[in-house]
Amino acid sequence: QGSELSGWAMGRWTYEGIDLNHNFADLNTALWDAEDNDLVPHEFPNHYIPIPEYYTFANATVAPETRAVIDWMQRYPFVLSANLHGGELVVTYPFDMTRTYWKAQELTPTADDGVFRWLATVYATSNLAMASEERRLCHYDDFIRVGNIINGANWHTVPGSMNDFSYLHTNCFEITVELSCDKFPHASELPAEWENNRESLLLYMEQVHRGIKGVVRDRDTEQGIANAIISVDGINHDVRT
């Protein structure tokens, strides 16, 4: 079809007809309902939110790829992640789903909004295509004026995204990188695309070294404590060792 001429959903659906980008369990709604009823965190957790029972049924519309990724997340305690998309030049960060269910766009920050904005900015400012003074708009959204980063829900709502699921079900902070205006660049363009993203990928991975590190130990025995919950004043999202 030529450069930039294919539709946004081209190549998006699995053989079973499932859009993997919207296929993870919606944990947002359960959290927000609990917050509205003052149940968090004493009666409902603000992290490690359990997967709802309906999502685990054999007849649930969950792709095997999605189940495999969830199993992978549960086996390895990732703390930083990114998923790579095409069709725009922007970095988005959670939440991806609007808190007001009927709104298509709404600023919906997480409790760790400052960290997510930093992570998105690290990638966007070191990406050669995004940082170029000569870059053009991909389509009609002017992301240049906002530093090429945006809260996902403030762009367009995505219920069941991997970013929101990673944040609410595990310790992992995940962003989405829209790599290029062209969703399907030609083979001859791939070396340039790699150069555009090489340094930003490395810098992004280096961000795992930011923040508090250490081992939580029992004061008397000095033994490490697994799954210790770490709470930070003013941030309503705990993490676990």
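Two strands count as paired if DSSP finds at least two bridges between them. The views below show a predicted model.

**View 1. The hairpin of strands E5 and E6.** Strand E5 (residues 229-232) and strand E6 (residues 235-240) are paired in the antiparallel sense over three bridges. Valine 232 has isoleucine 235 in E6 as its bridge partner. Two residues lie between the strands of this hairpin, and glycine 234 adopts a positive phi near 85°.

**View 2. The open sheet of four strands.** The strand order is E1-E4-E2-E3, and the pairing is mixed. Strand E1 (80-85) and strand E3 (149-151) occupy the edges; each has a single partner strand, so one side of each is left without a neighbour in the sheet. On average, neighbouring strands of this sheet are turned by 25° against each other, direction ignored. Strand pairing in a sheet is made through backbone hydrogen bonds, either parallel or antiparallel. Strand E2 (residues 90-93) and strand E4 (residues 173-178) run antiparallel and are joined by three bridges. Valine 91 is placed opposite valine 177 in E4. Helix H8 (residues 190-206) lies across E1 and E4 and runs at about 155° to E1.

**View 3. Helix H1 and its buried face.** Helix H1 spans residues 28-36, and its buried residues are Asn28, Leu31, Trp32 and Ala34. Seen down the axis of H1, these residues fall within an arc of 160°, so they line one face of the helix. Helix H7 (162-169) is included in what covers the buried residues of H1. Just after H1, aspartate 38 has a positive phi of about 55°.

**View 4. The largest nonpolar core.** Nonpolar side chains in soluble globular proteins tend to be buried together. The largest nonpolar core of the model comprises 37 residues, and Leu31, Val91, Phe165, Leu168 and Ile175 have the most contacts inside it. Two or more residues each come from H1, helix H3 (64-75), E2, helix H4 (113-126), helix H5 (128-131), H7 and E4. The contribution of H4 is the greatest, at five residues. With its neighbours within four places in sequence left aside, phenylalanine 165 is in contact with Phe24, Ala25, Leu27, Ile51, Ile70, Met73 and Thr170.

**View 5. The aromatic cluster around tyrosine 167 and phenylalanine 173.** A pair of aromatic rings is described by the distance of the centres and the angle of the planes. The model holds 10 aromatic pairs. One of them, formed by tyrosine 167 and phenylalanine 173, is edge-to-face, at 5.4 Å centre to centre with 80° between the planes. Tyrosine 167 has a relative accessibility of 1% and phenylalanine 173 one of 11%; both count as buried, because buried means under 20% relative accessible area. Ring pairs link these residues with Trp32, Phe95 and Phe116 into a cluster.

**View 6. Proline 185 in the loop between E4 and H8.** Proline 185 is located in the loop between E4 and H8. At 25% relative accessibility, this proline counts as partly exposed, since that class lies between the limits of 20% and 50%. Neighbours within four places in sequence aside, proline 185 is in contact with Leu190 and Glu193. Its C-alpha atom is separated by 56 Å from that of arginine 219, a residue 34 residues apart from proline 185 along the chain.

Methods:
Residues numbered from 1 in each chain as written. Predicted model: local features only at pLDDT ≥ 70, side-chain atom pairs only at ≥ 80, totals over all residues. Heavy atoms only, no water. Buried < 20%, exposed > 50% of the residue type's maximum accessible area, 1.4 Å probe, protein only. Arc of directions from axis to C-beta. Contact = heavy atoms within 4.5 Å. Phe/Tyr/Trp six-rings, centres within 6.5 Å; stacked < 30°, edge-to-face > 60°. Axes fitted to C-alpha atoms, helices over the stretch in contact; angles between N-to-C directions. Core = buried A, V, L, I, M, F, W, Y, C linked by side-chain atoms within 4.5 Å.
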